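Here is a short report on a protein model. Take a look at the fold before reading on.

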Amino acid sequence: MKSRSLRFELTFWYSTVMAVTLLVMGVAVEQVAYNRISASIDNSLRQAAFTVISEVGVLRSKPDAEPFGETSTVLNPPPWPPRYVQILSASGEVLYRSANLGQYPLPIDSAALRDRGRGMVISPDMRLHGEPIRMITFPLPEYNGSDAAWGQVALSLHDLDRARKKNQLALAIILPAAIGISAVAGWWLARRALRPIDGVIRTAQRIRAANLNERIAPREVDDELGRLISTLNELLERLELNFRQVSRFSADVSHELRTPLTIIQGEAEVALREGASREEMQLALEVALDEAQRMSKLVKNLLMLARLETGQERPHFVETPLAPIIEDVSEEGLALARAKGVTFSAHTVENASVWGDAVLLHQLAFNLVDNAVKYTPAGGTVELSLSRNGSSVRLSVKDTGVGIDEAELGRIFDRFYRGDSARNHTEGGSGLGLALVAQIAEAHKGTIQVTSKPGEGSVFTVTFPLSSQAGKARPDMAEVSMIEGIRS
Ligand code: ADP
């Protein structure tokens, strides 16, 4: 990553934009001022030409006088401000030039002399012995007996040039100064604008696992920074929640694994004790094996939960018909129920398919049936049923077991949560069964509903959206009563 401060970047662009703007404006203002002065010089030249024309007319009205002998200030201007006058014959010969020209005549613009019909012609700016001048050439009216055919007036551009140079100098001084000032101002402004970001960085750097509950101080204004801060705070909120879940999860896992490990260790010690009989050793190994199996089941379930949570299981989803799954689970349920003296029955419908994973869906149905049998005393009944309802399919497991306390209902889907009745129960269980059911249902976009009455029984209902193809393939459904198991 390039290491360049945002502050530097902001200042750089701010100053660059400022410099370009000032330069363009300075040049434009200078040009406008020059054009205006230049236009007023042209006007002065034309006016001077008119006065020369009328003065020459006056002189000609005195035919006895020597041509250009007595000249007025029009034809012979004072030395300041510099204005030069020259009269030419039709052939371009100099008949008269004002005294301020000395021995040097005004240059002749032969292009202007070519055609009298063009009237007054202002020549491009030129130099007269180093002095910048602008010159106008104009035809003089024809008078009998006079040679004078052209007049020329020139004005010094000295003042215009000086004003222009002064402007350019001012621009050359003001521009860098203005850029310097804008750079300093930009640097200061950028620091002011970025100061709150420094605060955010410092707080974010301070936040570690130990103080994940810390938050960046929110801003009162809802600007970009305010939104960034609230987004970061929301992120921290989620991180904290996840972190707490992970910590609780690790604590729960170690707690759950400690009991079987302690039992295995105890049994191994019994088996290794000096003088242990063959029967004692056999019993100890059987207990250790039981616990090892329980641990392995627990780890398998945890792995599945973790995979579901990270979404790793989902890529295997396909169009999955539920009837075969219900058939398999029914057989397992029947065996479990028989062993416990519980009546088991199952009802299913054909052509109910969901978008999902058959192994996970089997696990979901089995966990519900397993729980129903586990928490139903001998003599009770367990019913597994599958039904279609519009665009959804409903899987329900109903039992006449111990039921669940209302206070417990909200927690039974938590990991490692085991109800009071379950803890006293002799049959195993780790409190992961329903957590898995919930995760699997969520992965299949399903919803779970539980109704229960302590002492009377419970109904767990999972509703899944039917996969689109399933509905289209066979719109009519046949309800089949599948398995009926009677108490053994
Ligand atoms: P466990 O391994 O304890 O069965 P679960 O996650 O499957 O863990 O269930 C969590 C708790 O929910 C159980 O300990 C039990 O208290 C309660 N529970 C679940 N299913 C039933 C049911 N069918 N009848 C009564 N209680 C149930």
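## Overall make-up

The protein contains 11 helices and 14 strands. The model is predicted. It has 488 residues, and 25% of them count as buried.

Contacts reach far along the chain. Take those between residues at least 6 apart in sequence: 66% of them join residues at least 24 apart.

## Helix 6: one buried face

Helix 6 runs over residues 323–340 and has 18 residues. From first C-alpha to last it reaches 25 Å. At 1.5 Å a residue, 26 Å is expected, so the two values are close.

Which residues of helix 6 are buried? They are Ile325, Ile326, Val329, Ser330, Gly333, Leu334 and Ala337. Viewed down the helix axis, the buried residues fall within an arc of 165°, so they line one face of helix 6. The general geometry is simple: an α-helix has 3.6 residues a turn, so residues three or four places apart point the same way. Pro324 and Ala339 lie on the other side of helix 6, and both are exposed.

After helix 6 comes Gly341. The phi of Gly341 is positive, near 80°.

## Helix 7: largely enclosed

Helix 7 covers residues 358–374, which makes 17 residues. What span should helix 7 have at 1.5 Å a residue? The expected value is 24 Å, and the end C-alpha atoms of helix 7 are 24 Å apart, so the two agree.

Burial is extensive in helix 7. Of its 17 residues, 13 are buried, so helix 7 is largely enclosed by the rest of the structure.

## Positive phi outside glycine

His129 is a residue other than glycine with a positive phi, near 50°. Where is His129 found? It sits in the loop between strand 4 (126–128) and strand 5 (131–139). Is His129 buried or exposed? His129 has 8 C-beta neighbours inside 10 Å, and the cut-off for exposed is 12 or fewer, so His129 counts as exposed.

Phe416 is another non-glycine residue with positive phi, here near 65°. The loop that holds Phe416 lies between helix 8 (406–409) and helix 9 (420–424). For Phe416, 17 other C-beta atoms lie within 10 Å. Buried needs 20 or more and exposed needs 12 or fewer, so Phe416 is partly exposed.

Key. Residues are numbered from 1 along each chain as its sequence is written. This is a predicted model: local features need pLDDT of at least 70, side-chain atom pairs count only at pLDDT 80 or more; totals for chains, interfaces and linings use all residues. Helices (H or I, at least four residues) and strands (E, at least two) are DSSP runs, numbered from the N terminus. The arc is that of the directions from the helix axis to the C-beta atoms. Two residues are in contact if their C-beta atoms, placed from the backbone, lie within 7 Å.
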